[in-house]
Amino acid sequence: MRTRAAVSAALASAGILIAGWQSGLHAADTGSSVASAAAGSTGSSGSSGTSGSAGASGSSGSSSSSSAGGATGASAKAVGTYAGSVVQTRFGSVQVQITVQAGKITDVTALQLTDAERKSVQISNRAAPLLRTEVLAAQSADVQTISGATVTSDAYLNSLQAALDAANL
């Protein structure tokens, strides 16, 4: 009887883990990992009570920058290239990099986009240029998500925000 209870508990735990893995990481889960990535930590995890999903996100908030004219921390004079954190989704990883000149975002490059399956690649290839255009126009991560690419858009914008934080913008 005791063995059957242990086996049942193990199967129930495995079922919960599989269900969480299949549902993927919700974009709201990346909020704490983006903030941690900007501070330079790795391996943050988050969970969301509304979606019922949980996951872990390894982040590499790497950035390389150079200051113009000895101005340190002044966003008006920020110059350089800053990589955002790697944001994990159920469709793959997303990471963006920004180029900043004179405190303005001059370019946004997707270093990684979702690629778990062919449909994910198609969605990413459609959404990335639209998001890039919107970000360059808004000069911030405060833009609308792309319809039909919500997971990719949320991950893109979270990685972008980490890059903006690294650039002090």
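This text walks through a predicted model of one protein chain, from its confidence scores to a few chosen residues.

Start with confidence. The protein chain has an average pLDDT of 71. Of its residues, 56% score at least 70. The elements of the chain vary in this respect. Strand β1, residues 44-47, has the lowest mean pLDDT among them, at 35. Strand β5, residues 87-89, has the highest, at 95.

One stretch needs care. Over residues 21-75, pLDDT stays under 50. The model still has 87 contacts beyond four places in sequence for this stretch. How should such a region be read? Where pLDDT is low, the predicted coordinates should not be read in detail.

Now look for charged partners. How many salt bridges are counted in the model? The count comes to one. Its partners are R132 and D107, and their closest N and O atoms are 2.7 Å apart. Find R132 in helix α3, which spans residues 118-138. Find D107 in strand β7, which spans residues 104-112. The two residues are 25 apart in sequence, so the pair ties together a helix and a strand from separate parts of the chain. Are these partners buried or exposed? R132 has a relative accessibility of 31%, so it counts as partly exposed. D107 is partly exposed too, with a relative accessible area of 24%.

Next, turn to T89. This residue is found in strand β5, the element with the highest mean pLDDT. T89 has a relative accessible area of 12%. Buried means under 20%, so T89 is buried. What does its side chain reach? One partner is the backbone oxygen of G92, at 2.7 Å. A polar atom of the T89 side chain also lies 3.1 Å from the backbone nitrogen of F91. The side chain of T89 therefore has polar contacts, within 3.5 Å, with backbone atoms of both F91 and G92.

Finish with the backbone angle phi. A102 is not a glycine, yet its phi is positive, at about 55°. Where is A102? Look in the loop between β6, residues 92-101, and β7. At 56% relative accessibility, A102 counts as exposed. N168 also has a positive phi, near 60°, and is a residue other than glycine. Its place is in the segment after α4, which covers residues 150-166. N168 has a relative accessible area of 47%, so it is partly exposed.

Key
Residues are numbered from 1 along each chain as its sequence is written. This is a predicted model: local features need pLDDT of at least 70, side-chain atom pairs count only at pLDDT 80 or more; totals for chains, interfaces and linings use all residues. Side-chain values use heavy atoms; hydrogens and water are left out. pLDDT is the predictor's confidence in each residue, from 0 to 100. Helices (H or I, at least four residues) and strands (E, at least two) are DSSP runs, numbered from the N terminus. Contact means heavy atoms within 4.5 Å. A salt bridge is a side-chain nitrogen of Lys or Arg within 4 Å of a carboxyl oxygen of Asp or Glu. Buried means under 20% relative accessible area, exposed over 50%, partly exposed in between (1.4 Å probe, protein chains only). A polar contact is a pair of N or O atoms within 3.5 Å; within protein, one must be able to donate a hydrogen and the other to accept it, and residues adjacent in sequence count only if both atoms are side-chain atoms.
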